[in-house]
Amino acid sequence: MDLTWIEVGVIAQPALSNLQIPSIVEETFMTAQVKDIFNDLSYYSLFDVAEKARWLMRDIDWEHIDKSVVTPELIEMVKIITFGELTTYSATRSFMTMFEDDIDFTQWLAVWLYEETKHPHALTKWLAMNGEKLSGKYLMDGRTITPMTKSKTEMLTFNVISEIVAGNMYLATADTVTEPVLKDIASKLAKDEMRHSVGFENYTRKTIAESADPDYEKGIVLRSAWVFLQGEQFINHPVFETVRNLDSILGEAVIKKIRKQIVSRIGKLAGVEIAEPEQIYSVYTKFKADYRAKHKTKISTADMMANAPEA
Ligand SMILES: [Fe+2]
Ligand SMILES: [Fe+2]
């Protein structure tokens, strides 16, 4: 599931600008240094992992939907989840543009697009087999996104988070629903989403490492997580309208678990420890302060060198 783009479109961007770094951060891409694409790019191994994990539409036991437990509420819930799965095309287009010179990530996107297209496909088929039709307008409306960020790191971080949320949402769905075919679909989708979070994490790490200023990018990772986690639940944005509408599935314990997973994964990406989700803001502000101090030291050392009297 790709929730990121909705999020990015509606979240008021906090003032990271006071990180006091150059206004334009050049992100150097390493394409020129790749001598052996097969061994140097992570796409090829991620592809193998995806192929091993791949499930087929025909693996689902479509003939055994238990219609006795399919209620109008369940249909409504599956429609909400399906709608949340429809942004992949728009997201992929934006990703392809933003990362057009990234020969690694753009290849992996092909796998992601394929798998993410399969998610609403399976859910749409389940709905159809239960007599529920979705219109072309529904599909188009679901594709709407409003990306605002220009930061690659921020985009990728939001996707790491979105996939973790989606994975847990499907796990909870699989645990909760009694209709066996939907249960099976949800558990297959949960595994896909968790694997996607690892893929996006890989490319976030790579983007940070290849950037002109990795520490600055790590600050962006932390800020993105803070934006996402602020508030009691997650956030106040439409993607979690989906979550809120799934109250019966995503209770407090699940949300707590998701928040914990997010800070653990984000902490590793940024190279800091975040023991509890509530600490994200203090960790982020400390990171920012340390960054500024380090940056200042660097500048003043450079200044001193430049101004040093010649021997
Ligand atoms: Fe996904
Ligand atoms: Fe998905």
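Is Glu-116 buried or exposed? Keep that question in mind while selecting this residue in the model, which is a predicted one. Glu-116 lies in helix α6, the element that runs over residues 105-129, and it counts as buried because 26 other C-beta atoms are found within 10 Å, where 20 or more are enough. Now add Thr-88 to the selection: although 28 residues separate Thr-88 from Glu-116 along the chain, their C-alpha atoms are 6.6 Å apart.

Next, colour the chain by confidence. The mean pLDDT of the protein chain is 85, with 79% of its residues at 70 or more. Among the elements, α6 has the highest mean pLDDT, 98, whereas helix α1 (residues 4-10) has the lowest, 35. Select residues 2-29, over which pLDDT stays under 50, even though the model has 69 contacts beyond four places in sequence for this stretch. Where pLDDT is low, the predicted coordinates should not be read in detail.

Then turn to the largest nonpolar core, which has 61 residues, and pick out those with the most contacts inside it, among them Ile-161, Ile-185 and Leu-222. Helix α8 (residues 152-176) gives this core its largest share, 12 residues. Stay with Ile-185 for a moment, since, leaving aside residues up to four places away in sequence, it touches Ile-60, Ala-122, Leu-123 and Trp-126.

Finally, select Val-49, which sits in helix α3 (residues 43-53). Val-49 counts as partly exposed, with 13 C-beta neighbours inside 10 Å. Add Arg-195, and the C-alpha atoms of Val-49 and Arg-195 turn out to be 8.8 Å apart, with their places 146 residues apart in sequence.

Key
Residues numbered from 1 in each chain as written. Chains lettered and ligands numbered in written order. Predicted model: local features only at pLDDT ≥ 70, side-chain atom pairs only at ≥ 80, totals over all residues. Helix = DSSP H or I, 4+ residues; strand = E, 2+ residues; numbered from the N terminus. Buried ≥ 20, exposed ≤ 12 C-beta atoms within 10 Å, placed from the backbone. pLDDT = per-residue confidence, 0-100. Contact = placed C-beta atoms within 7 Å. Core = buried A, V, L, I, M, F, W, Y, C linked by C-beta atoms within 7 Å.
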